[in-house]
Amino acid sequence: MKNKSTKVHRNDLCPCGSGLKYKKCCIRKAGLTPRNSNKALYLRKHGIRVKEAGDIEGIKKAGRLALKTLDMVEDSIRVGMRTDDINTLVHDYTLKNGATPAALGYRGFPKSVCVSVNEVICHGIPGDRVLKNGDIVNVDVTSILGGYYADVNKMFFVGDPDATTRKIVNVARECLRKGVMMVRPGNRIGDIGFAIQAFAEKEGCSVVREFVGHGVGFDFHEPPQVPHHGRCGEGIELIPGMVFTIEPMINLGAKDLRILDDGWTAVTLDGALSAQFEQTILVTDEGYESLTPFPLQ
Ligand code: MF3
Ligand code: CO
Ligand code: CO
(Lines give C-alpha, C1' and ligand atoms only; values in the text may rest on other atoms or scores of the structure.)
(Ligands and ions follow the chains in the order given, each with its own letter.)
Protein backbone atom coordinates (compact mmCIF):
# COMPACT_ATOMS: atom_id res chain seq x y z
CA MET A 1 0.00 0.00 0.00
CA LYS A 2 1.21 3.46 -0.79
CA ASN A 3 2.34 5.39 2.22
CA LYS A 4 0.04 8.38 2.35
CA SER A 5 1.77 11.18 4.23
CA THR A 6 -0.19 12.58 7.14
CA LYS A 7 1.90 15.75 7.22
CA VAL A 8 -0.22 18.91 7.35
CA HIS A 9 0.96 21.62 4.97
CA ARG A 10 0.96 25.34 5.72
CA ASN A 11 -1.98 26.10 3.47
CA ASP A 12 -4.12 23.11 4.56
CA LEU A 13 -7.03 23.59 6.90
CA CYS A 14 -5.84 23.31 10.46
CA PRO A 15 -6.49 19.83 11.90
CA CYS A 16 -7.80 21.42 15.10
CA GLY A 17 -11.04 22.27 13.33
CA SER A 18 -10.80 26.03 13.72
CA GLY A 19 -11.49 26.58 10.02
CA LEU A 20 -8.29 28.61 9.72
CA LYS A 21 -5.34 27.68 7.59
CA TYR A 22 -2.74 25.66 9.50
CA LYS A 23 -0.16 28.48 9.01
CA LYS A 24 -2.53 30.94 10.73
CA CYS A 25 -3.34 28.55 13.56
CA CYS A 26 -1.65 25.63 15.30
CA ILE A 27 1.67 25.78 13.36
CA ARG A 28 2.71 28.33 16.01
CA LYS A 29 2.04 25.96 18.87
CA ALA A 30 3.98 23.24 17.03
CA GLY A 31 7.02 25.56 17.16
CA LEU A 32 6.72 25.69 20.93
CA THR A 33 8.96 22.82 21.91
CA PRO A 34 9.06 22.31 25.68
CA ARG A 35 12.38 24.21 25.67
CA ASN A 36 10.99 27.24 23.84
CA SER A 37 7.87 27.44 25.95
CA ASN A 38 9.94 27.22 29.15
CA LYS A 39 12.16 29.96 27.80
CA ALA A 40 9.19 32.28 27.23
CA LEU A 41 7.70 31.35 30.60
CA TYR A 42 10.93 32.05 32.52
CA LEU A 43 11.27 35.44 30.84
CA ARG A 44 7.67 36.36 31.58
CA LYS A 45 7.49 34.98 35.09
CA HIS A 46 10.99 35.57 36.42
CA GLY A 47 12.70 37.98 33.98
CA ILE A 48 15.27 35.24 33.36
CA ARG A 49 16.87 35.26 29.90
CA VAL A 50 17.63 31.62 29.08
CA LYS A 51 20.70 31.28 26.84
CA GLU A 52 21.05 29.58 23.42
CA ALA A 53 24.09 27.66 22.11
CA GLY A 54 25.60 30.77 20.47
CA ASP A 55 25.22 32.81 23.65
CA ILE A 56 26.90 30.09 25.67
CA GLU A 57 29.88 30.07 23.27
CA GLY A 58 30.13 33.86 23.71
CA ILE A 59 30.04 33.68 27.52
CA LYS A 60 32.62 30.88 27.44
CA LYS A 61 35.01 33.06 25.42
CA ALA A 62 34.58 35.91 27.90
CA GLY A 63 35.11 33.36 30.69
CA ARG A 64 38.35 32.06 29.17
CA LEU A 65 39.70 35.60 29.07
CA ALA A 66 38.63 36.33 32.68
CA LEU A 67 40.38 33.12 33.81
CA LYS A 68 43.57 33.99 31.89
CA THR A 69 43.43 37.40 33.58
CA LEU A 70 43.31 35.74 37.01
CA ASP A 71 46.23 33.45 36.07
CA MET A 72 48.23 36.49 35.03
CA VAL A 73 47.42 38.21 38.35
CA GLU A 74 48.39 35.09 40.31
CA ASP A 75 51.80 35.05 38.62
CA SER A 76 52.37 38.69 39.61
CA ILE A 77 51.10 38.83 43.21
CA ARG A 78 53.91 39.76 45.60
CA VAL A 79 54.40 41.06 49.14
CA GLY A 80 54.71 44.85 48.88
CA MET A 81 52.36 45.20 45.88
CA ARG A 82 49.52 47.75 46.13
CA THR A 83 45.97 46.64 45.34
CA ASP A 84 45.94 49.34 42.66
CA ASP A 85 48.81 47.54 40.91
CA ILE A 86 46.44 44.58 40.47
CA ASN A 87 43.88 46.97 38.98
CA THR A 88 46.45 48.21 36.45
CA LEU A 89 47.35 44.64 35.48
CA VAL A 90 43.70 43.62 35.01
CA HIS A 91 42.71 46.80 33.20
CA ASP A 92 45.58 46.71 30.69
CA TYR A 93 45.31 42.96 30.07
CA THR A 94 41.56 43.19 29.45
CA LEU A 95 41.88 45.99 26.90
CA LYS A 96 44.86 44.33 25.20
CA ASN A 97 42.60 41.30 24.62
CA GLY A 98 39.83 43.31 23.00
CA ALA A 99 37.54 43.21 26.04
CA THR A 100 36.11 45.70 28.56
CA PRO A 101 36.26 45.44 32.37
CA ALA A 102 32.60 45.39 33.46
CA ALA A 103 33.36 46.85 36.90
CA LEU A 104 34.72 50.16 35.57
CA GLY A 105 31.95 52.74 35.92
CA TYR A 106 29.38 50.13 36.98
CA ARG A 107 27.02 52.10 39.25
CA GLY A 108 29.90 54.49 39.75
CA PHE A 109 32.52 51.88 40.72
CA PRO A 110 35.81 53.72 40.08
CA LYS A 111 38.13 50.82 39.12
CA SER A 112 38.30 47.84 36.73
CA VAL A 113 38.36 44.99 39.25
CA CYS A 114 37.39 44.31 42.86
CA VAL A 115 40.33 43.50 45.13
CA SER A 116 39.33 42.42 48.63
CA VAL A 117 41.98 41.78 51.29
CA ASN A 118 41.52 39.81 54.58
CA GLU A 119 38.48 41.31 56.43
CA VAL A 120 37.13 42.83 53.19
CA ILE A 121 34.21 40.62 52.13
CA CYS A 122 33.82 41.98 48.60
CA HIS A 123 33.80 45.11 46.40
CA GLY A 124 37.20 46.28 47.62
CA ILE A 125 38.28 49.32 45.61
CA PRO A 126 41.89 49.02 44.44
CA GLY A 127 44.08 51.70 46.02
CA ASP A 128 47.15 52.18 48.18
CA ARG A 129 46.69 49.20 50.53
CA VAL A 130 49.93 47.22 50.42
CA LEU A 131 49.86 43.41 50.44
CA LYS A 132 51.82 41.92 53.30
CA ASN A 133 53.03 38.42 54.10
CA GLY A 134 50.16 36.21 55.30
CA ASP A 135 47.36 38.22 53.65
CA ILE A 136 44.62 36.65 51.56
CA VAL A 137 43.30 38.55 48.59
CA ASN A 138 40.23 38.05 46.44
CA VAL A 139 40.40 39.26 42.85
CA ASP A 140 37.00 39.47 41.12
CA VAL A 141 37.19 39.84 37.32
CA THR A 142 34.22 40.42 35.03
CA SER A 143 35.11 40.67 31.35
CA ILE A 144 32.82 41.82 28.55
CA LEU A 145 33.92 40.20 25.28
CA GLY A 146 31.86 40.30 22.10
CA GLY A 147 28.99 41.70 24.15
CA TYR A 148 28.96 38.75 26.61
CA TYR A 149 29.76 38.91 30.34
CA ALA A 150 31.60 36.30 32.42
CA ASP A 151 32.15 36.79 36.16
CA VAL A 152 34.74 34.87 38.16
CA ASN A 153 36.79 35.36 41.31
CA LYS A 154 39.44 33.54 43.33
CA MET A 155 41.43 33.91 46.52
CA PHE A 156 45.22 34.19 46.43
CA PHE A 157 47.73 33.75 49.24
CA VAL A 158 50.28 36.48 49.75
CA GLY A 159 53.48 34.86 50.99
CA ASP A 160 52.76 32.24 53.64
CA PRO A 161 49.43 32.58 55.55
CA ASP A 162 48.86 30.73 58.85
CA ALA A 163 46.63 27.66 59.30
CA THR A 164 43.46 29.56 60.29
CA THR A 165 43.80 31.81 57.29
CA ARG A 166 44.22 28.82 55.00
CA LYS A 167 41.17 27.22 56.59
CA ILE A 168 38.73 30.01 55.69
CA VAL A 169 39.97 29.94 52.09
CA ASN A 170 39.54 26.16 51.90
CA VAL A 171 36.04 26.35 53.42
CA ALA A 172 34.99 29.05 50.93
CA ARG A 173 36.29 26.99 48.00
CA GLU A 174 34.47 23.89 49.22
CA CYS A 175 31.28 25.97 49.69
CA LEU A 176 31.39 26.91 46.00
CA ARG A 177 31.96 23.25 45.09
CA LYS A 178 29.03 22.13 47.24
CA GLY A 179 26.80 24.76 45.62
CA VAL A 180 27.86 23.85 42.07
CA MET A 181 27.19 20.16 42.74
CA MET A 182 23.50 21.01 43.30
CA VAL A 183 23.09 22.49 39.81
CA ARG A 184 20.95 20.28 37.57
CA PRO A 185 17.53 20.58 35.91
CA GLY A 186 14.74 19.93 38.39
CA ASN A 187 16.71 21.14 41.40
CA ARG A 188 15.83 24.55 42.80
CA ILE A 189 17.78 27.74 43.59
CA GLY A 190 17.30 27.07 47.32
CA ASP A 191 19.10 23.73 47.06
CA ILE A 192 22.30 25.62 46.20
CA GLY A 193 22.17 27.92 49.22
CA PHE A 194 21.19 25.09 51.50
CA ALA A 195 24.23 23.01 50.54
CA ILE A 196 26.56 25.98 50.98
CA GLN A 197 25.15 27.08 54.34
CA ALA A 198 25.12 23.54 55.75
CA PHE A 199 28.82 23.06 55.01
CA ALA A 200 29.93 26.55 56.11
CA GLU A 201 28.12 26.28 59.46
CA LYS A 202 29.33 22.73 60.05
CA GLU A 203 32.85 24.19 59.80
CA GLY A 204 31.97 26.89 62.34
CA CYS A 205 31.96 29.63 59.69
CA SER A 206 29.14 31.96 58.58
CA VAL A 207 27.49 32.90 55.28
CA VAL A 208 27.11 36.54 54.19
CA ARG A 209 23.47 37.30 53.32
CA GLU A 210 23.66 40.79 51.78
CA PHE A 211 25.31 39.72 48.51
CA VAL A 212 24.12 36.91 46.27
CA GLY A 213 24.97 35.13 43.04
CA HIS A 214 23.11 36.31 39.97
CA GLY A 215 22.13 35.60 36.39
CA VAL A 216 24.87 36.75 34.02
CA GLY A 217 25.80 36.70 30.32
CA PHE A 218 23.84 39.36 28.46
CA ASP A 219 24.38 41.78 31.34
CA PHE A 220 26.48 42.03 34.53
CA HIS A 221 23.64 41.25 36.93
CA GLU A 222 20.46 39.58 35.65
CA PRO A 223 17.69 37.69 37.41
CA PRO A 224 17.59 35.36 39.25
CA GLN A 225 19.28 36.09 42.57
CA VAL A 226 21.17 33.10 43.94
CA PRO A 227 21.42 33.28 47.76
CA HIS A 228 24.20 31.35 49.47
CA HIS A 229 21.94 30.30 52.32
CA GLY A 230 18.48 28.82 52.15
CA ARG A 231 16.25 25.84 52.30
CA CYS A 232 16.07 22.72 50.12
CA GLY A 233 13.31 22.72 47.55
CA GLU A 234 12.63 26.45 47.72
CA GLY A 235 12.88 28.96 44.89
CA ILE A 236 12.85 28.76 41.11
CA GLU A 237 13.36 25.39 39.42
CA LEU A 238 16.58 25.18 37.39
CA ILE A 239 16.17 24.60 33.64
CA PRO A 240 18.77 24.02 30.89
CA GLY A 241 20.20 27.23 29.44
CA MET A 242 20.11 29.21 32.68
CA VAL A 243 23.47 30.86 33.39
CA PHE A 244 24.22 32.31 36.81
CA THR A 245 27.06 32.83 39.24
CA ILE A 246 27.55 31.12 42.55
CA GLU A 247 29.87 33.21 44.71
CA PRO A 248 29.60 32.43 48.44
CA MET A 249 31.23 34.90 50.83
CA ILE A 250 32.20 32.97 53.96
CA ASN A 251 33.30 34.59 57.22
CA LEU A 252 35.53 33.08 59.89
CA GLY A 253 33.55 34.99 62.53
CA ALA A 254 30.01 36.41 62.44
CA LYS A 255 28.07 36.97 59.22
CA ASP A 256 27.47 40.69 59.82
CA LEU A 257 29.04 43.40 57.70
CA ARG A 258 29.32 47.12 57.26
CA ILE A 259 30.01 49.24 54.21
CA LEU A 260 32.85 51.77 54.37
CA ASP A 261 32.31 55.46 53.60
CA ASP A 262 33.45 54.91 50.01
CA GLY A 263 30.00 53.33 49.51
CA TRP A 264 31.43 50.04 48.18
CA THR A 265 33.90 48.23 50.44
CA ALA A 266 32.07 45.57 52.48
CA VAL A 267 34.00 44.50 55.59
CA THR A 268 33.21 42.06 58.38
CA LEU A 269 31.73 43.88 61.37
CA ASP A 270 33.97 41.90 63.76
CA GLY A 271 37.09 42.43 61.64
CA ALA A 272 37.61 38.68 61.15
CA LEU A 273 38.69 37.13 57.84
CA SER A 274 36.34 36.53 54.91
CA ALA A 275 36.89 34.50 51.74
CA GLN A 276 35.04 33.99 48.45
CA PHE A 277 35.21 32.02 45.21
CA GLU A 278 32.97 32.62 42.19
CA GLN A 279 32.25 30.83 38.92
CA THR A 280 29.75 31.38 36.10
CA ILE A 281 27.66 28.20 35.82
CA LEU A 282 25.47 26.90 32.96
CA VAL A 283 22.58 24.51 33.65
CA THR A 284 22.88 21.69 31.07
CA ASP A 285 20.49 18.81 30.27
CA GLU A 286 22.57 16.51 32.47
CA GLY A 287 23.65 18.87 35.23
CA TYR A 288 26.01 21.81 34.96
CA GLU A 289 28.99 23.14 33.07
CA SER A 290 31.24 25.87 34.42
CA LEU A 291 31.84 28.61 31.85
CA THR A 292 34.74 29.85 34.03
CA PRO A 293 36.18 26.51 35.16
CA PHE A 294 39.01 26.12 37.63
CA PRO A 295 39.60 23.21 40.02
CA LEU A 296 37.65 23.31 43.29
CA GLN A 297 39.51 20.54 45.10
N1 MF3 B 1 31.91 41.07 40.32
C2 MF3 B 1 30.98 41.32 41.38
C3 MF3 B 1 30.03 40.15 41.38
O4 MF3 B 1 30.50 39.07 41.49
C5 MF3 B 1 30.25 42.61 41.24
C6 MF3 B 1 31.14 43.78 41.38
S7 MF3 B 1 30.26 45.21 41.12
C8 MF3 B 1 31.49 46.33 41.06
O9 MF3 B 1 28.84 40.23 41.20
F10 MF3 B 1 30.96 47.40 40.63
F11 MF3 B 1 32.02 46.44 42.24
F12 MF3 B 1 32.42 45.91 40.22
CO1 CO C 1 29.09 37.93 40.45
CO1 CO D 1 32.27 38.77 40.43
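Modeller: Before we look at the ligand, one convention: Ala, Val, Leu, Ile, Met, Phe, Trp, Tyr, Cys and Pro count as nonpolar, Asp, Glu, Lys and Arg as charged, and the others, Gly among them, as polar. Keep in mind, too, that this is a predicted model.

Colleague: Good. With those classes, how many residues of each kind are in the shell around ligand 1?

Modeller: Four are nonpolar, three polar and five charged. The residues surrounding ligand 1 include Arg107, Asp140, Asp151, Glu247 and Glu278, and you'll also find Ala103, Tyr106, Phe109, Cys114, His123, Thr142 and Thr245 there.

Colleague: Let's zoom out. How many helices and strands are in the protein chain?

Modeller: Six helices and 15 strands. The C-alpha trace spans about 85 × 45 × 40 Å along its principal axes. Of the 297 residues, 44% are buried. As for contacts with a separation of 6 or more, 68% of them join residues 24 or more positions apart.

Colleague: Thr245 came up in the ligand shell. Which strand residues are buried on either side of β9?

Modeller: Val243 and Thr245 are buried on one side, Phe244 and Ile246 on the other, so both faces of β9 (residues 243-246) are covered.

Colleague: And how should I read the pairing of a strand like that?

Modeller: The general idea is that strands of a sheet pair through backbone hydrogen bonds, either parallel or antiparallel. Here, β9 runs antiparallel to β14 (residues 279-283), and four bridges join them. Phenylalanine 244 has isoleucine 281 as its bridge partner in β14.

Colleague: What is the strand order in the open sheet of three strands?

Modeller: The order is β3-β12-β11, with antiparallel pairing. The edge strands, β3 (120-122) and β11 (257-259), each pair on one side only. From one strand to the next, the twist averages 40°. If you want to check the register, three bridges link β11 to β12 (residues 266-268), and arginine 258 stands opposite valine 267.

Colleague: Leucine 257 sits in β11. Is leucine 257 buried or exposed?

Modeller: The cut-off for buried is 20 or more other C-beta atoms within 10 Å. Leucine 257 has 22, so it counts as buried. Beyond four places in sequence, leucine 257 touches Ile121, Val208, Glu210, Ala266, Val267, Thr268 and Leu269. Isoleucine 189, by contrast, is 68 residues from leucine 257 in sequence, and their C-alpha atoms are 24 Å apart.

Colleague: Now try a helix residue. Why does histidine 91 count as partly exposed?

Modeller: Partly exposed lies between the two limits, 12 or fewer for exposed and 20 or more for buried. Histidine 91 has 19 C-beta neighbours inside 10 Å, so it lands in that middle class. Histidine 91 belongs to helix α4 (residues 83-96). Leaving aside neighbours within four places, histidine 91 is in contact with Pro101 and Ser112. Its C-alpha atom is 33 Å from that of alanine 200, which is 109 residues away along the chain.

Colleague: Last one: which residues touch the most other members of the largest nonpolar core?

Modeller: Ala62, Ile168, Ala172 and Ile250, in a core of 74 residues. Take alanine 62: not counting residues up to four places away, it touches Ala99, Ser143, Ile144, Leu145, Tyr148, Tyr149 and Ala150.

Conventions:
Residues are numbered from 1 along each chain as its sequence is written. Chains are lettered from A and ligands numbered from 1 in the order in which they are written. This is a predicted model: local features need pLDDT of at least 70, side-chain atom pairs count only at pLDDT 80 or more; totals for chains, interfaces and linings use all residues. Two strands pair if DSSP finds at least two bridges between them. Helices (H or I, at least four residues) and strands (E, at least two) are DSSP runs, numbered from the N terminus. Axes are lines fitted to C-alpha atoms, for helices over the stretch in contact, and angles run from 0 to 180 degrees between N-to-C directions. Two residues are in contact if their C-beta atoms, placed from the backbone, lie within 7 Å. A nonpolar core is a set of buried Ala, Val, Leu, Ile, Met, Phe, Trp, Tyr and Cys residues joined through C-beta atoms within 7 Å. A residue is near a molecule or strand if its C-beta atom, placed from the backbone, lies within 6 Å of it.
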